[in-house]
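Student: I'd like to go through this one by asking how each label is earned. Can we set the values against the cut-offs as we go?

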Amino acid sequence: KRLEYDALLVMNIKGNKRWVEPAGLVEWLLENTLKKQFGNDRNEMLRTLRREGKTLRQFEQELLDQELIRQAYRTVRQAVQVSPAAIKKYYREHPDMNDKGVTVDLYTIRFPRDEEGMDLAKVQALKNEIKSLASFKKLAESRKESLSGHKGLIHKDDQNVEFDESVVDAIFDLDSKEVGVAFDKQAYYLIYIEKKWDKYEIPIAEVHKVIEEELRGKLFESQMKIKIENLRRDIHVYEPGRRNR
């Protein structure tokens, strides 16, 4: 289908009575291709063309057609406009985009099990000394542990959470401003939850560009489909095995 679309676009452009091959374009395309694909080795390019059964003139026309196709697609893309209202509508209608479910703002301190003098009782004792986020941060800074610190927003249903299941369960059992302890086979963890949301909505400003590109892509495909269907009506298309149109 893509080959057919491209061929229709080229025929439409070249079939326009006002179309004239831009002066110097083919030479520029050939020079650019020679540099990028063949390391400025003209003989290597000619050998490759001979192996493919192409003449230099045929290759030049291929380069021209490819450039015309790129320009045709670019023209349609530039014409596609996504309205703010459409972005807001998409945001409202896609819970996977705007609702991340149960979410916490997480801080952790990691204590490797093989650290000398470290055990669960020691971690519990440290937990009892923490009265605020400030005291938690102070302890984290004193630890100099690369895997400790502010983890940011963690979503319960996110499959990319870095912790083991038992640690994740402990994290989401806590409430805002609460400190907890968890452990896995490699380490103990002190956990501090700065804030917890039962339903966390990502601000539309953070996903605006993602939604815009998604909608722009859909509009582009829709516009290209309309354009191609119009071309099919105007240009005779022969498909082997089917009745000629």
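Student: What covers the buried residues of helix 3?

Tutor: The cover includes helix 2 (25-38) and helix 4. Keep in mind that this is a predicted model. The buried residues in helix 3 (residues 42-51) are Met-45, Thr-48 and Leu-49.

Student: How do you know that they are on the same side of helix 3?

Tutor: Look at the directions from the helix axis to the C-beta atoms. Met-45, Thr-48 and Leu-49 cover an arc of only 100 degrees around the axis, so they end up on the same side of helix 3. The face turned away from that buried side carries Arg-50 and Arg-51, which are exposed.

Student: What makes Asp-41 a cap for helix 3?

Tutor: A side-chain oxygen of Asp-41 lies 3.2 Å from the backbone nitrogen of Asn-43, at the N-terminal end of helix 3. The cut-off for a polar contact is 3.5 Å, so 3.2 Å passes. Just after helix 3, Gly-53 takes a positive phi of about 70 degrees.

Student: On to the rings. How many aromatic pairs are there?

Tutor: Four aromatic pairs. Take Tyr-73 and Phe-220: their ring centres are 5.8 Å apart and their planes stand at 45 degrees.

Student: Why is that pair of Tyr-73 and Phe-220 called tilted?

Tutor: Ring centres have to lie within 6.5 Å to pair, and planes under 30 degrees apart count as stacked, over 60 as edge-to-face, the rest as tilted. At 5.8 Å the rings pair, and 45 degrees is neither under 30 nor over 60, so tilted it is. This pair also links distant parts of the chain: Tyr-73 sits in helix 4 (residues 56-79) and Phe-220 in helix 10 (residues 204-234), 147 residues apart.

Student: Why do Tyr-73 and Phe-220 count as buried?

Tutor: Buried means under 20% relative accessible area. Tyr-73 comes in at 8%, so it counts as buried. Phe-220 has 7%, so that one is buried too.

Student: What sits over the ring of Phe-220?

Tutor: The charged end of Arg-77, 4.4 Å from the ring centre. The distance part of the test is 6 Å, so 4.4 Å clears it.

Student: Which side chain makes a polar contact with the side chain of Tyr-73?

Tutor: Asp-6 does, at 3.3 Å. Asp-6 belongs to helix 1 (residues 2-15). Not counting residues up to four places away in sequence, Asp-6 touches Ile-69 and Tyr-73.

Student: Is Asp-6 buried or exposed?

Tutor: Buried: its relative accessible area is 14%, under the 20% cut-off.

Student: How about Phe-136 and Tyr-192: what makes that pair tilted?

Tutor: Their centres are 5.6 Å apart and their planes at 40 degrees, so by the same limits the pair is tilted. Phe-136 lies in helix 8 (residues 133-143) and Tyr-192 in strand 4 (residues 187-197), so the pair ties together parts 56 residues apart in sequence. Phe-136 is buried at 0%, and Tyr-192 is buried at 4%.

Student: What do the buried residues of helix 9 pack against?

Tutor: Strand 1 (103-112), strand 2 (149-155), strand 3 (178-183) and strand 4. In helix 9 (residues 165-173) the buried residues are Val-167, Val-168, Ala-170, Ile-171 and Phe-172.

Student: Why does Val-123 count as buried?

Tutor: Its relative accessibility is 0%, so it falls under the 20% limit. Val-123 lies in helix 7 (residues 120-129). Leaving aside neighbours within four places in sequence, its contacts include Phe-111, Val-181 and Tyr-188. The C-alpha atoms of Val-123 and Tyr-188 are separated by 7.3 Å, though their positions lie 65 residues apart along the chain.

Student: Zooming out, how many helices and strands does the protein chain have?

Tutor: There are 10 helices and four strands.

Student: How do you know that the protein chain is more spread out than a compact globule?

Tutor: For 245 residues the globule rule gives 18 Å, and the radius of gyration is 31 Å, well over that, so the chain is more spread out than a compact globule. Along its principal axes the C-alpha trace spans about 85 × 50 × 40 Å. Buried residues make up 37% of the 245 residues.

Technical notes. Residues are numbered from 1 along each chain as its sequence is written. This is a predicted model: local features need pLDDT of at least 70, side-chain atom pairs count only at pLDDT 80 or more; totals for chains, interfaces and linings use all residues. Side-chain values use heavy atoms; hydrogens and water are left out. Rings of Phe, Tyr and Trp (its six-membered ring) pair if their centres lie within 6.5 Å; planes under 30 degrees apart count as stacked, over 60 as edge-to-face and the rest as tilted. Helices (H or I, at least four residues) and strands (E, at least two) are DSSP runs, numbered from the N terminus. Buried means under 20% relative accessible area, exposed over 50%, partly exposed in between (1.4 Å probe, protein chains only). A charge sits over a ring if NZ of Lys or CZ of Arg is within 6 Å of the ring centre and within 35 degrees of the ring normal. A polar contact is a pair of N or O atoms within 3.5 Å; within protein, one must be able to donate a hydrogen and the other to accept it, and residues adjacent in sequence count only if both atoms are side-chain atoms. Contact means heavy atoms within 4.5 Å. The radius of gyration is taken over C-alpha atoms; the globule rule is 2.2 Å times the number of residues to the power 0.38.
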